[in-house]
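Hello,

Here is the structure I promised to pass on. Have a look at it first, and then read on for my notes.

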Amino acid sequence: VKVRWWWYFFFVPIVILPYAWYLLMLWYAGFWDGFSSTLHRRHRWGLALATVLVITLFAMLMFANPFVYNGGNGMLQDLVQRGGRISPLYTLLYPVTILLCLALAMDALLRPAPSSRMMGDLARRRARPWLLAASIVQFIVSLIVGVALGWLTVMLRHFSISHIVSIGAPFAGLFDLIVISLIALTVILMGKAIVSY
């Protein structure tokens, strides 16, 4: 049960982050200020598709959890068998969802709706470079996680878990450091965007 909650704890933020960023960029660009704007017409179907993909990923996380305890050593065996079946679809769907969310977020940043507030367009122009940089850094983070998932998928099909751990252990610290550093950079860029806005 504890392993299952760790599964949710680590993977739910990975799924939700790009989608939440897209929603935030839609707010920034004025998506909900008027339903007749070009931005709203351009993104309504993209938002619907991104929402469906994120819900699908969540369903896979909740109902296709490979960490099911069968007693004894059955949990590790089940991880290999079920994880090998789940991961290929997840590994394909996750990058597609991330790319869609971040590409749509950048489109909203580059072509926002006209602001109804005084000096609103000026504020957006000042914050835009920092938000674009934060989007690019998030894309890199998502790409690294996607590559790691793909690597794990291939390894689960050909090697035992002990072999995977022995291969991956030397790189785990570096992987963690890179991802955490990029997330910290994203937070700094967001702070710069807020101050500029």
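**R124 and its surroundings**

Let me start with R124, which sits in helix 4, the stretch covering residues 120-158. Please keep in mind that this is a predicted model, so everything below is computed from predicted coordinates.

Is R124 buried or exposed? Its relative accessible area is 3%, and R124 counts as buried because that value is under the 20% cut-off. The side chain of R124 has a partner in the backbone: it reaches the backbone oxygen of A113 at 2.3 Å. A113 also turns up among the residues in contact with R124 once neighbours within four places in sequence are left aside. That list takes in Y28, A29, G30 and D33, then P112, A113, P114 and S115, and finally Y197.

**The aromatic pair**

How many aromatic pairs does the structure hold? There is one. It is formed by F31 and W32, in an edge-to-face arrangement with 4.9 Å from centre to centre and 85 degrees between the planes. The two partners are covered to unlike degrees: F31 is buried, with a relative accessible area of 2%, whereas W32 is partly exposed at 42%.

**A nonpolar patch on the surface**

W32 comes back here, since you may want to know which residues make the nonpolar surface patch. They are L24, W27, W32 and F35, and the patch covers about 500 Å². One of them, L24, belongs to helix 1, which spans residues 2-29. L24 has a relative accessible area of 36% and is therefore partly exposed, as that value lies between the 20% and 50% cut-offs. L24 can join a patch because its 36% is also over the 30% required of patch residues.

**The chain as a whole**

Stepping back, the protein chain has five helices and zero strands, and along the sequence the pattern reads α-α-α-α-α. Of its 197 residues, 40% count as buried. Among contacts with a separation of 6 or more, 76% are between residues 24 or more positions apart. The accessible surface of the chain is about 11,500 Å², and carbon and sulfur atoms account for 75% of it.

If you open the model, you could begin with R124 and A113, then turn to F31 and W32, and finish with the patch that includes W32.

Best wishes

Definitions and conventions:
Residues are numbered from 1 along each chain as its sequence is written. This is a predicted model: local features need pLDDT of at least 70, side-chain atom pairs count only at pLDDT 80 or more; totals for chains, interfaces and linings use all residues. Side-chain values use heavy atoms; hydrogens and water are left out. Helices (H or I, at least four residues) and strands (E, at least two) are DSSP runs, numbered from the N terminus. Buried means under 20% relative accessible area, exposed over 50%, partly exposed in between (1.4 Å probe, protein chains only). A polar contact is a pair of N or O atoms within 3.5 Å; within protein, one must be able to donate a hydrogen and the other to accept it, and residues adjacent in sequence count only if both atoms are side-chain atoms. Contact means heavy atoms within 4.5 Å. Rings of Phe, Tyr and Trp (its six-membered ring) pair if their centres lie within 6.5 Å; planes under 30 degrees apart count as stacked, over 60 as edge-to-face and the rest as tilted. Patches are made of residues with over 30% relative accessible area and no salt bridge: like charges are joined within 9 Å, nonpolar side chains (Val, Leu, Ile, Met, Phe, Trp, Tyr) within 5 Å. Accessible areas come from the Shrake-Rupley method with a 1.4 Å probe; for residues, only the protein chains shown count as cover. A salt bridge is a side-chain nitrogen of Lys or Arg within 4 Å of a carboxyl oxygen of Asp or Glu.
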